[in-house]
Structures are given as structure tokens and as C-alpha cells.
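Trainee: I would like to learn how to read a model of two chains. Could you walk me through one?
Mentor: Gladly; let us look at it together.

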Amino acid sequence: MIPATHIIELTYLIAVVLFVLSLKWLSSPATARHGVWAGEVGMLLAIVGTLFYRGIVDYKWIAIALVLGAIIGVPLGNVQMTAVPQRTALSHAFGALCVTLVGTAEFYLRAPNISRFMMSILSLEVILGGLTITGSLMAAGKLQEILPQRPITYKGQNFVNLGMLAIAVAIAVYLVLNPDAMHLYPIMVGIALVFGVMMIIPIGGADMPTVISLLNSYAGLSAAAMGFVLNSKLLIVAGSLDGASGFILSVNMSKAMNRSFTNVLFGAFGQVQHAVAGAVEARNVRSATPEEAAQILSAANKVAIIPGYGMAVAQAQHKVRELYDVLTKRGVDVKFGIHPVAGRMPGHMNVLLAEADIPYDKLLDMDDMNGDLPQTDVALVIGANDVTNPAARTDPSSPIYGMPILDVDKARTVMVIKRSMSPGFAGIDNPLYYLDNTLMLFGDAKQFVNSIVRELTGAGGHG
Amino acid sequence: MVTVDLYNSLYVFILAAFIGFEVIRKVSPLLHTPLMSLTNALDAIAVVGAIILAGEHKSTLAAVLGTIAIVAATSNIVGGFIITDRMLKMFKSSRTQKP
């Protein structure tokens with residue numbers, strides 16, 4: 001008979017292979033659902049394998065906890081698609097909570113007989129875990145709008161934050177050298193928890209895609225550190241995959257906003273420039289009615305729709321899908337241009353449009369869209385602002401100068417659906433609105449798109 | 001013994017990180033949200049450490065912390081897989097879609 005340890009190790013080995021395949025299959029929408037399947041099987045194998053561990057003396061609480069976790073997990077898996085960013089932030093908090101609790105239990109089981117290396121890794125695990133718990137809860141609160149989205153800053157903030165982190169690290173170093181100073185351990189974890197809160201306070205809603213990705217990376221790294229502590233290769237692999245994914249997404253997001261990590265974490269974006277706004281007030285804008293917009297759209301061959309987070313806020317994606325249908329039936333080529341930071345987390349806009357049944361091969365990323373825009377008849381901007389701001393290309397004094405944007409101003413006609421002329425999230429004036437080829441469509445996104453659709457179906461007979 | 005384990009772990013970590021970077025770089029930006037929810041679910045494999053803690057019952061503290069940790073991780077596993085699958089189900093190509 002095969003000993004239990006071999007069974008466990010074999011299930012872990014298979015789980016690792018399935019996890020890597022799971023991410024590999026996610027590379028294309030055609031195979032992506034196999035990826036979920038592979039991940040589920042790997043997870044189930046690993047959990048069942050672990051239950052064979054002969055050191056386990058009591059199954060009752062394991063069973064209760066597994067059932068309770070599943071009960072909490074089901075509603076968390078069934079939130080609305082607009083709520084996915086806060087759900088994701090919450091799950092980072094849960095993941096980090098698990099890692100931090102296990103690390104804490106291991107500390108009290110082993111200390112003071114704990115090797116220096118082990119103590120270093122364990123400290124890394126619980127500091128990263130601790131700041132991820134509270135940081136993610138803060139991020140979830142801001143995304144859910146329970147907490148103010150506005151960045152909150154005060155003098156000496158960075159100094160206070162870095163000082164706190166430095167104290168936590170200093171305690172960690174002290175514990176590595178003197179593991180019997182066990183009373184310091186809760187202080188270290190406590191500081192990490194407070195640091196997580198302080199770290200997110202100065203970060204505004206528009207920076208959430210970067211922050212969520214960064215917290216994802218931390219959650220992964222702390223899990224990998226836990227793998228070192230428990231000497232579990234399975235955990236090291238899963239943690240480093242998660243860490244790598246979070247890191248890649250953070251880099252993507254930072255690049256898409258032309259900012260560095262440090263700038264996101266210490267920059268407190270969003271309240272810099274109100275001085276610019278006064279100088280441009282006198283400029284003229286041209287506006288159009290739904291009828292005029294419908295006429296222009298029906299005369300076009302190629303239309304690019306540029307959705308932003310405002311479209312999701314107005315719940316306009318289903319109306320946009322109707323517009324897509326009407327135009328496509330009339331033989332108009334309609335594509336969607338998705339900026340990497342459209343939405344509140346990486347890829348969020350794609351999910352919202354897919355939910356509205358818009359085929360994914362019509363969703364273009366920024367580079368592909370920018371290749372198309374100069375040959376496009378109409379660019380229709382719905383609820384997006386800063387990601388279309390040509391000042392990012394042309395005006396070195398603009399706070400978003402250098403940020404990659406969707407070059408909608410290169411389309412023959414630009415139409416922007418917007419509630420009013422008030423500046424966008426970051427408070428930056430958008431010169432796009434004053435261009436000669438720009439028409440402003442003032443109104444609520446959902447209603448305006450609906451009026452355009454009605455014009456098009458009414459005028460087009462069987463349409 | 002400890003150093004052997006350490007080097008084994010470091011090899012695994014570094015190789016896994018390389019695989020992670022290579023595989024995840026190829027994930028289409030279309031699917032970055034499902035990517036994050038999926039890696040989050042996979043990361044909850046930390047549940048195996050929590051199960052051992054809760055099951056071994058070496059101390060009351062360890063058992064209690066382990067039990068809470070199982071709840072947290074399991075909710076991530078269940079919720080993460082459900083929402084990832086729900087999202088991926090919605091992605092349809094225009095070629096396979098009926099007009």
C-alpha cells in the first residue's frame with residue numbers, strides 16, 4: 001500500500017500542474033473556461049489529499065469551517081459585474097487573513113525555538129499579509145463607496161507611513177535576532193494592520209486599478225512566504241503565480257497611467273490642478289441633439305465606441321449594445337476601444353461589455369484601436385474623459401502629460417456623451433471638447449443612447 | 001537539513017515565478033479581470049496549511065486560528081471559481097453568435 005505522505009505529495013504535484021495549465025488556458029477566451037475547470041480539479045485534489053494527512057486528529061472543525069467558507073463564498077461569487085472590483089479587493093483581504101492567521105499560529109507553536117531564516121520569512125509573511133488585509137478592506141470600502149473615494153492627505157503623511165513600516169521591519173529584525181521577545185510579535189502585526197489603512201487613505205478612486213493589482217501581488221507573495229515557512233512547494237508555486245500576476249497587472253496599470261508605483265502609493269493624485277480650468281472657460285463647444293447624432297452615425301462606415309467608467313455608472317452598457325446592434329444591421333463597422341484603466345480594475349470594462357452580450361472580438365485594446373482611429377468616421381465617447389484627453393500628447397504642463405490615450409481626436413467626427421462641461425475625475429480640463437470636429441451630446445448616457453437608438457430604428461423602417 | 005529545504009524552496013519559488021511571468025504575460029488584456037479572480041482562487045490553496053493547523057490541534061490558539069483561516073480561504077475558493085466562470089461564460093465571439 002502507498003503511504004499517505006506519497007498520496008498527499010502526488011495530489012499536490014498534480015495540483016501544481018493543473019494550476020499552471022489553468023493560467024495557460026486563460027490566454028484566450030476560447031479555452032479560458034477549461035482553465036477554471038483545471039483550477040477547480042487541482043484545488044479539490046489538493047484539499048482531499050491534505051485530509052489524508054495522518055497528523056490530523058480532529059475533522060469536526062475542519063468540516064464546519066469548509067462548509068461555512070462555502071456558504072460565505074457562494075454570494076461572493078454571485079455579485080453583480082459592476083461590483084467585481086470590490087469583491088476582488090475583499091477576496092484579497094480574505095486570502096491575506098488566512099495567510100496571516102496561519103503565520104501567527106506557526107509563530108506561537110514554534111517560538112522561541114525558531115531559526116533566524118524561518119523567523120525572517122515568517123515576519124515577511126505576516127507583515128505583507130497584515131497590510132494586505134486592512135489595505136484591501138479599505139480599497140473595497142472606497143470602491144463600494146462606503147468610504148470617501150477622495151484621497152485624504154495631510155502634512156508629513158509619507159513620513160508617518162514610511163516611519164510605521166520602518167518600525168514594523170525593525171521589530172521583525174529584533175525578533176529574528178531574539179525570538180524569545182514574543183511579546184513584540186502582536187505589536188509588529190498590529191503596526192502592519194494600521195499601515196494597511198494609512199497606505200490606502202491618500203489614494204483616490206481613479207488609482208484603484210493599480211492598487212488592487214498591487215495588493216493582489218502582496219497577497220500572492222505572502223502566500224509564497226507561507227509556503228517557505230510550511231515547506232510546502234504547492235503553496236510556493238500558487239503564491240508566486242499569484243504574485244507574478246499581480247505584479248504584471250500593476251506594471252500594466254502604472255504604464256497605462258504613465259506613473260510609477262511609488263507615485264501611485266505616495267502621489268495622492270487628483271487634487272493638483274484647478275488653476276488651469278479658469279483660463280479656458282470662454283471657449284466654445286458645439287453640441288448636438290440625439291437626432292443629429294443618429295444621422296451622423298447612420299451615415300458612417302466605421303464607428304468606434306470609447307466606453308469609460310461613467311458608462312457603467314449610468315448602467316448604459318445594455319443600451320450601448322442596442323446601438324451596436326442597430327448600427328451593425330445597417331452595415332456599419334462598430335468597434336470598441338478599451339483603455340487599460342477604463343473601469344475600476346484591470347479588464348473590468350471588457351467584462352461589463354461582455355455581460356451586455358457584445359462579442360469580444362469587437363473589443364480592441366488601446367494600441368489596436370489607435371491604429372484604427374485615423375480611418376474612423378465617428379468616435380463616440382461614452383463616460384470616458386481623461387483617457388481621451390489630447391493634452392496627454394501635446395501639453396507638457398498637463399498633469400497627465402505622457403499618459404497613453406485613445407487618440408479619438410484623430411477620427412473624422414468625435415461625439416462625446418457627457419452630463420455637463422464639469423471636468424472629470426482627476427479635475428483636468430479636456431481640450432478634446434473644444435475641437436472643431438467634436439460634438440458634445442449633453443445628457444445622461446443611458447437616456448441619450450436610448451434616444452439615438454430610437455431615432456435609428458424609427459427612421460430606418462425595419463432597421 | 002534546514003538549508004537543503006531552503007534551497008529547494010528557493011528553486012521552486014524562482015522557477016514558478018518565471019513560469020508565472022511567461023504564462024501570464026500571454027493572457028489577453030480582455031481577460032485581466034477573470035485572471036485576477038482566478039489567481040485569487042488558486043492562491044487560496046493556503047487552505048491546506050490551515051486544514052493541517054486546525055486538524056493537528058497542537059494548541060487551542062493554533063486550532064482556532066486555523067479554523068478561521070479555513071473559512072476565509074474556502075470562501076475565496078468557492079467565490080473565486082464561481083465568479084471567474086460566470087465572467088468567462090459571458091465572453092462570446094461574433095462568429096459563434098446568432099444574429
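**Reading a two-chain model**

Mentor: Let us begin with secondary structure: chain B has four helices and zero strands. Remember that this is a predicted model.

Trainee: In what order do the elements of chain B run from the N terminus on?

Mentor: They run α-α-α-α.

Trainee: What radius of gyration does chain B have, and what would a compact globule of 99 residues have?

Mentor: Chain B has 19 Å, whereas a compact globule of 99 residues would have a value near 13 Å. The spans tell a related story: along its principal axes, the C-alpha trace of chain B covers about 60 × 30 × 15 Å.

Trainee: What percentage of the residues in chain B is buried?

Mentor: Of the 99 residues in chain B, 62% are buried. As for contacts in chain B with a separation of 6 or more, 59% of them join residues 24 or more positions apart.

Trainee: How many residues does each chain bring to the contact?

Mentor: A general idea to start with: interface size is often given as the accessible area lost when the parts come together. Here we have residue counts, with 96 residues from chain A and 80 residues from chain B.

Trainee: Which element gives the most to the side of chain A that touches chain B?

Mentor: That is α4(A), with 16 residues. By class, this side of chain A has 57 nonpolar, 28 polar and eleven charged residues.

Trainee: And how confident is the predictor about chain A?

Mentor: The average pLDDT of chain A is 88, and 93% of the residues score at least 70. Over residues 268-280 of chain A, however, the pLDDT is below 50.

Notes. Residues are numbered from 1 along each chain as its sequence is written. Chains are lettered from A and ligands numbered from 1 in the order in which they are written. This is a predicted model: local features need pLDDT of at least 70, side-chain atom pairs count only at pLDDT 80 or more; totals for chains, interfaces and linings use all residues. pLDDT is the predictor's confidence in each residue, from 0 to 100. Two residues are in contact if their C-beta atoms, placed from the backbone, lie within 7 Å. Helices (H or I, at least four residues) and strands (E, at least two) are DSSP runs, numbered from the N terminus. The radius of gyration is taken over C-alpha atoms; the globule rule is 2.2 Å times the number of residues to the power 0.38. A residue is buried if 20 or more other C-beta atoms lie within 10 Å of its own, exposed if 12 or fewer, and partly exposed in between; C-beta atoms are placed from the backbone. Ala, Val, Leu, Ile, Met, Phe, Trp, Tyr, Cys and Pro count as nonpolar, Asp, Glu, Lys and Arg as charged, and the others, Gly among them, as polar.
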